[in-house]
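Please look over the sequence and the fold below before reading on. The paragraphs that follow go through the sheets, the helices that lie against them, and the spaces between.

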Amino acid sequence: MQRPSHIDRLAALRDTRARQGLLRRLRTVEAADGAYVWIDGKRLLNFASNDYLGLAQHPALREALVAGAARWGVGATAAHLLGGHRDEHAALEESLARWTGRERALLFSDGWMANLGVVAALLEADDVCVQDKLNHASLIDAARLAGCELKRYPHGDVDGARRQLESRPEAAVLLASDGVFSMDGDVAPIRALASACADEQALLMIDDAHGLGVLGPEGAGSIAEADLTQDEVPILMATLGKALGVAGAFVAGSAALIDGLVQQARTYIYTTAMPPALAAAARKAVDVARFEGWRRDRLAQLIAHFRAGAAMRGLSLSASRTPIQPIVIGTSEAALAASAKLEEAGFYVPAIRPPTVAEGKARLRIALTALHSESDVERLLAALATALA
Ligand SMILES: Cc1ncc(COP(=O)(O)O)c(C=O)c1O
């Protein structure tokens, strides 16, 4: 008897993907400067970055990182609970809690680990996790790995969410939704979801990876924009690697929630704390994101400019008011071809294909940042009109 070979299986899966035009391709960026990246020796205007506020290269963040490294060295050397938790981490947690209007915040290595840590800590086998169909893979997989029952509802459909909540009235239930959907850019109906959760005694969790820094007063995110309190949305998860330009993630909520996570969230407990210098850079990023409001104003202008210009050129837009402005193309082949034409013209706009998005909904995911200028957007629009003609 011969056992199946894992490696052969991987190779077969890879071949299938290749035949379907779904092969993923790793590109190496050789340099980055402002809104530009260099790939294969070519300078490309980058429309694929989640650094929405343009903070990843901000001088104040660089200085905070260097000063943090001078004080702490590079690694945190241990898990938070075993000596890795430095005052830099504590200060960042306080700053994040203050910004988002929550009692406490808890740092995780990244958004994946934060989502998995929370969902697995809160949900047991007989419990239910209700999720939007277009939620990020990390939330969907978190529910699967938690071993609870996962019930999905059509995208943005609050009545559908209510029906799923009502279907198991005896069970403990968590409803989790992206705040801003990562591949579509639209904002979840958070107020209506909060009210459904209140009626059904369900716990609401919002993953605001793409809303924090971008939406709401002082960029405090989609929950702040919806003017909802910690009681109405008890669990906020957001990453530090997108609009804040750093890396890592946090969960914010009541002291009882955070205390519980410290005891139970395995992805918090059994991992090395983020480097303290990164925490220092992230704390500076919070200040810049909060108080340099012109970055959000610039984004708003660019978004308006892009949408008006796209409409004028007959490009089909999605219903998004955020920096994520996808153009749905349809087949993977057509999306790849459009992306390649844009690259020839000097723009980096990767094609997003199934299974990241639904079959037939391959797209160009255009991400605007405060590093772009109106003339950058104008040039992209002209190139899009040619590439999609
Ligand atoms: C909505 C959403 N949640 C979570 C994550 C994961 O965050 P991280 O990159 O910090 O792992 C991402 C993207 O990376 C995301 O888009």
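**Sheets, helices and spaces**

In this predicted model, Val37 has Leu44 of strand S3 as its bridge partner. This pair belongs to the antiparallel pairing between strand S2, which covers residues 36-39, and strand S3, which covers residues 42-46, and that pairing extends over 4 bridges. Within the same hairpin Trp38 stands opposite Arg43 of S3, while the turn itself leaves 2 residues between the strands, and there Asp40 takes a positive phi near 50 degrees.

On following S3 further, the reader meets strand S12, residues 347-348, which pairs with S3 in the parallel sense over 2 bridges. Asn46 has Tyr348 in S12 as its bridge partner. Together these elements belong to an open sheet of 4 strands, whose order is S1-S2-S3-S12 and whose pairing is mixed. S1 and S12 are the edge strands of this sheet, each of them pairing on one side only. As a general point on such arrangements, the side chains of a regular strand alternate between the two faces of the sheet.

Another open sheet is built from 7 strands in the order S4-S10-S9-S8-S7-S5-S6, again with mixed pairing. Because S4 and strand S6 (149-153) stand at the edges and have a single partner strand each, one side of each is left without a neighbour in the sheet. Taken on average and with direction ignored, neighbouring strands in this sheet are turned by 20 degrees against each other. Within the sheet, strand S8 (residues 203-207) and strand S9 (residues 235-239) run parallel and are joined by 3 bridges, and the bridge partner of Met205 is Ile235 in S9.

Which strands does helix H3 lie across? Helix H3, made up of residues 87-100, lies across S4, S9 and strand S10 (249-253), and runs at about 125 degrees to S4. Helix H7, residues 190-199, also packs on the sheet, where it touches S6, strand S7 (173-178) and S8, and its direction makes about 155 degrees with that of S8.

We turn next to enclosed space. Rolling a probe the size of a water molecule over the atoms shows where empty space is left. A search of the whole structure finds 1 cavity of 30 Å³ or more, and about 50 Å³ of space lies in the largest cavity. Its lining includes His80, Leu107, Phe108 and Ser109, as well as Thr267, Tyr268 and Met274. Strand S4 (104-108) and helix H10 (266-269) are the elements that give two or more residues to this lining, so that S4, already met as an edge strand of the sheet of 7 strands, appears here again. By class, the lining of the largest cavity has 5 nonpolar and 5 polar residues, and no charged residues.

The open spaces come next. The largest pocket has a volume of about 1,100 Å³, and of the 37 residues that line it, Ala48, Tyr348, Pro350, Ala351 and Ile352 lie nearest its centre. Tyr348, one of these, is also the bridge partner of Asn46. Strand S1 (29-33), S2, helix H13 (332-344) and strand S13 (351-352) each supply at least two residues of the lining, and H13 gives the most, with 4 residues. By class, this lining has 19 nonpolar, 10 polar and 8 charged residues.

In the second largest pocket there is about 760 Å³ of space. It is lined by 34 residues, and the closest to its centre are Leu134, Asn135, His136, Ala137 and Ser182. Helix H4 (111-122), helix H5 (137-146) and S9 are the elements that give two or more residues to the lining of this pocket, with the largest share, 4 residues, coming from H5. By class, the lining of the second largest pocket has 13 nonpolar, 11 polar and 10 charged residues.

Helix H5 also holds a salt bridge, in which the side chains of Asp141 and Arg144 meet at 3.4 Å, N to O. These two residues both lie in helix H5 and are 3 residues apart, about one turn of the helix. Counting every pair with a side-chain nitrogen of Lys or Arg within 4 Å of a carboxyl oxygen of Asp or Glu, the structure comes to 17 salt bridges.

How values were computed
Residues numbered from 1 in each chain as written. Predicted model: local features only at pLDDT ≥ 70, side-chain atom pairs only at ≥ 80, totals over all residues. Heavy atoms only, no water. Pairing = 2+ DSSP bridges. 1 Å grid on protein atoms, 1.4 Å probe; cavity = no way out; pocket = protein on both sides within 12 Å on 5 of 7 lines; lining within 4 Å. Points joined across faces, edges and corners; volume = space filled by probe spheres on them. Nonpolar A, V, L, I, M, F, W, Y, C, P; charged D, E, K, R; others polar. Axes fitted to C-alpha atoms, helices over the stretch in contact; angles between N-to-C directions. Contact = heavy atoms within 4.5 Å.
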